[in-house]
Amino acid sequence: MQKALGRAGELVTEAMASNQKSADMGPEIREPSSSVPLTSDFGVKSTNHDIWLSASTGERKGPALLEDNFGREKIMKFDHERIPERVVHARGAGAFGTFKLYESAADVTSAGVLTDTSRTTPVFVRFSTVLGSRGSADTVRDVRGFAVKFYTEEGNWDIVGNDIPVFFIQDAMKFPDVIHAGKPEPDKEVPQAQSAHNNFWDFQFLHTEATHMFMWAMSDRGIPRSYRMMQGFGVNTYTLTKNDGFERHFVKFHFTPTLGVHSLVWDEALKLAGQDPDFHRKDLYTAIDMGVYPTWKFGIQVCPESRQDEFDFDILDATKVWPEELLPVRYIGELQLNKNVDEYFTQTEQAAFCTAHVVPGIGFSDDPLLQGRNFSYFDTQLSRLGVNWQELPVNRPVCPVMNNHRDGQLRHKITRGSINYWPNRKSVVPPAKPEQGGYLDYPEKVVAMKQRLHSVKFSEHFSQAQLFWNSMSKIEKSHIIAALGFELDHCDDSVVYERMVTRLCDISLELAQAVAEKAGSPTPTKTANENHGLTAKGLSQFDFSPEAMGLPATIASRMIAIIIGDGFNFAEYEAVKAALSAAGAFVFTIGPKRQPVKSSTGQSVAPDHHFEGMRSTMFDSLYLPSGEHVASLMKQGRVIHWVREAFGHCKAIGATGEGVALVKMACEIEGMIFSAGDSGEVVDSYGVVTAAGVGTPTGITEALKMVKGAKTFLEAYAFNISQHRNFKRELDGLTSMVAY
């Protein structure tokens, strides 16, 4: 493990060696060590930081003295450590990385970051939940923020997006309402970080434009397995322009993870919120620390301005997607995260994004949500960080910055000279010309009346909600029904949940009837809006598995638990651990204690965790090797629960030899098949892979061949891990027969 971590550190150093942003922040970084003594903020070394100066004797403690500046400074700084947390997206995690093009978009834009394939652009990415406070859990059902700051040669460019491509509202004027409705109800200040309450669903019904978005939020997209396994979307419609003055293009931005798009299951998400509320931020940090850098393909959807009006939806409406059949995604680059933050507060917490931050070649559309965001994001940073927030190390550009802005609280820059205005007699700091890289606003022609009005197409609110529902797989539909059933079960006002069922009729009568049964609402028999029956690609998560994207199956960064006790088979343990680790998985040993556990052949292994210290929810898969240890493990209820819970969450489970008996005892239900005796047969039953032994698969000496129908235990087991979950287990009703 230490060797792997050391190599990971080397990879980070190599990846960031030429990173302009790392060099920019270098002078700000301090390295504490035992050779550097403690000082005050004004640089004086302190001889005692434990006892306040007082008028005391050896026999009696006396009054504290205010003259102790070290004591006063220490307490004062502590009292003021917190800044206002974000109103939304308060809980987050971030990392640094790079952006690289593999195809120029020079045909639609002059932006250097999107045209110069020789560049490597530094980035900072912050992921977040939306509704919860800074102290809430990572795995709640919520939209996830996906904000990217590109430190380009022309200035900072921010894509302030989400993991869902649409939003609840069309106009920024409604943002306070949708957030107030989702936040804890003001009389009781509950619930925290949840949408399962009266106010949220009351708003969803009364605000019909939210219908498409709440379907996404109730899907598995609302509970991602990892930040590294979710998509990112710019949500709003931007524009791309060229200096030649030809046609402008509207654009949507996409980030698609190469690990595939995967989610937790709801029971797992609920449990993790209590068992490990930092699950997602730990997951991101660990992957980068181990050198398995998360990557996303970067894509653009472009629409020539001349085609703006040819669709049945308004391309400026943030509650609508652009179906890929009409406007395909063109993948032109890759985003990689390869360096963890050095300090959370100064980098992740003080990171500030603004949708108005664009560079030449990228502009704004008349998207009414974007127009309001351009004001709001700038305004909120003034409240949190002060007027000079763009001078903070994580926010400042890597290109030269020069203007006549002056003063304000916490100003860092020192600007020489007697001139701080334009025009001036010395022509100091003149405006840039377009040919010098100056930002050129597109000369858009506007002919309209001043009034509070959206285009007619903005008023259609159900067609794409139907499209989303129709495009879901059977298991995804089942999860949406369960999610809505859970949410409305937590609404105690019958007006709220009964009206919501009528709204679901506008999407699908089948959906409304299934939810009505769970919510306790009268079962509807007809709908006012017939479902159009259309589907689209790119909406189901299964469209973004590695295989669906033409990528090889992988178990890289998957968390695997090997369960052992005294008397385990050391050879099998070592073989499985080595093969899975070589394929990039993170393998952990779980035992009855963290003191060494002895194998049947005398070797000792110190487990990473014990049975009560962790849970199956924190891993993607379990493996039980053969050995005498199984007899004692079968008498431990917690171990049985580990297996049953992993089975209930549709995770891959592997067992060999005597280990098969334990899995069989935990999950012996109608429909399950297990390997028998010493037949040597490898049995894959609903993702539970059992065999008499590990055997001598090619995977021990060469790369595992993760393909369906693999004949060796290790390759069959690894393939099932790579599939994320075996949802056929749930669809066929097996998970409901096991108590977990």
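# Exercises on pockets, cavities and salt bridges

α3 (69–79), α9 (344–349) and α10 (368–385) each supply at least two residues to the lining of the largest pocket. The model used in these exercises is predicted.

## Exercise 1. The largest pocket

Task: Describe the largest pocket by its volume, its central residues and the make-up of its lining.

Solution.

Step 1. Start with the space itself: the largest pocket holds about 1700 Å³.

Step 2. Find the centre. The lining has 44 residues, and those closest to the centre of the pocket are K77, E343, F345, T346 and Q350.

Step 3. Ask which element gives the largest share of the lining. That element is α3, with five residues.

Step 4. Sort the lining by class. There are 17 nonpolar, 12 polar and 15 charged residues in the lining of the largest pocket.

## Exercise 2. The second largest pocket

Task: Give the volume of the second largest pocket and say which elements give two or more residues to its lining.

Solution.

Step 1. The volume of the second largest pocket is about 1200 Å³.

Step 2. Its lining consists of 36 residues, with Q390, P397, V401, N403 and H405 closest to the centre.

Step 3. Two or more residues of this lining come from each of β4 (155–162) and α10.

Step 4. By class, the lining of the second largest pocket splits into 16 nonpolar, 12 polar and eight charged residues.

## Exercise 3. Closed cavities

Task: State how many cavities of 30 Å³ or more there are, then describe the largest and the second largest.

Solution.

Step 1. The count of cavities of 30 Å³ or more is five.

Step 2. Take the largest cavity, with a volume of about 190 Å³. Its lining has 19 residues, and P165, H254, Q301, V321 and W322 are the closest to its centre. Strand β7 (residues 249–257) gives the largest share of this lining, three residues. The classes in the lining of the largest cavity are 11 nonpolar, five polar and three charged.

Step 3. Turn to the second largest cavity, with a volume of about 140 Å³. It is lined by 14 residues, of which L131, D142, V143, F168 and F200 are closest to its centre. Both α4 (175–182) and α6 (211–218) give two or more residues to the lining of the second largest cavity, and α4 gives the largest share, three residues.

Step 4. For the second largest cavity, the lining contains 10 nonpolar, two polar and two charged residues.

## Exercise 4. Salt bridges between separate parts of the chain

Task: For the pairs D41 and K77, R119 and E153, and E305 and R248, locate each partner and say whether it is buried, partly exposed or exposed.

Solution.

Step 1. Note the total: the whole structure has 39 salt bridges.

Step 2. In the pair D41 and K77, the closest N and O atoms are 2.9 Å apart. Because D41 lies in the loop between α2 and α3 while K77 lies in helix α3, the pair ties together parts that are 36 residues apart in sequence. D41 has a relative accessibility of 55%, so it counts as exposed. K77 is partly exposed at 42%.

Step 3. In the pair R119 and E153, the closest N and O atoms are 3.5 Å apart. R119 is in the loop between β1 (92–101) and β2 (121–129) and E153 is in the loop between β3 (144–152) and β4, so parts that are 34 residues apart in sequence are tied together. R119 counts as buried at 11% relative accessibility, whereas E153 counts as partly exposed at 46%.

Step 4. E305 and R248 meet through their side chains at 2.9 Å, N to O. E305 is in the loop between β8 (295–304) and β9 (330–340), and R248 is in the loop between β6 (238–240) and β7, 57 residues apart. E305 is partly exposed, with a relative accessible area of 23%. R248 has a relative accessible area of 3%, so it is buried.

Step 5. Add the linked case: a network of salt bridges joins R225, R228, D283, R558 and D620.

## Exercise 5. A nonpolar surface patch

Task: Name the residues of the nonpolar surface patch of about 250 Å² and place W52.

Solution.

Step 1. The patch is made by W52, L53 and I75.

Step 2. W52 sits in the loop between α2 (20–25) and α3.

Step 3. The relative accessible area of W52 is 32%, so this residue is partly exposed. A patch residue needs over 30%.

Terms used
Residues numbered from 1 in each chain as written. Predicted model: local features only at pLDDT ≥ 70, side-chain atom pairs only at ≥ 80, totals over all residues. Heavy atoms only, no water. 1 Å grid on protein atoms, 1.4 Å probe; cavity = no way out; pocket = protein on both sides within 12 Å on 5 of 7 lines; lining within 4 Å. Points joined across faces, edges and corners; volume = space filled by probe spheres on them. Helix = DSSP H or I, 4+ residues; strand = E, 2+ residues; numbered from the N terminus. Nonpolar A, V, L, I, M, F, W, Y, C, P; charged D, E, K, R; others polar. Patch = residues over 30% accessible without salt bridge, like charges linked within 9 Å, V, L, I, M, F, W, Y side chains within 5 Å. Areas by Shrake-Rupley, 256 points an atom, 1.4 Å probe, with all protein chains shown as cover. Salt bridge = Lys/Arg side-chain N within 4 Å of Asp/Glu carboxyl O. Buried < 20%, exposed > 50% of the residue type's maximum accessible area, 1.4 Å probe, protein only.
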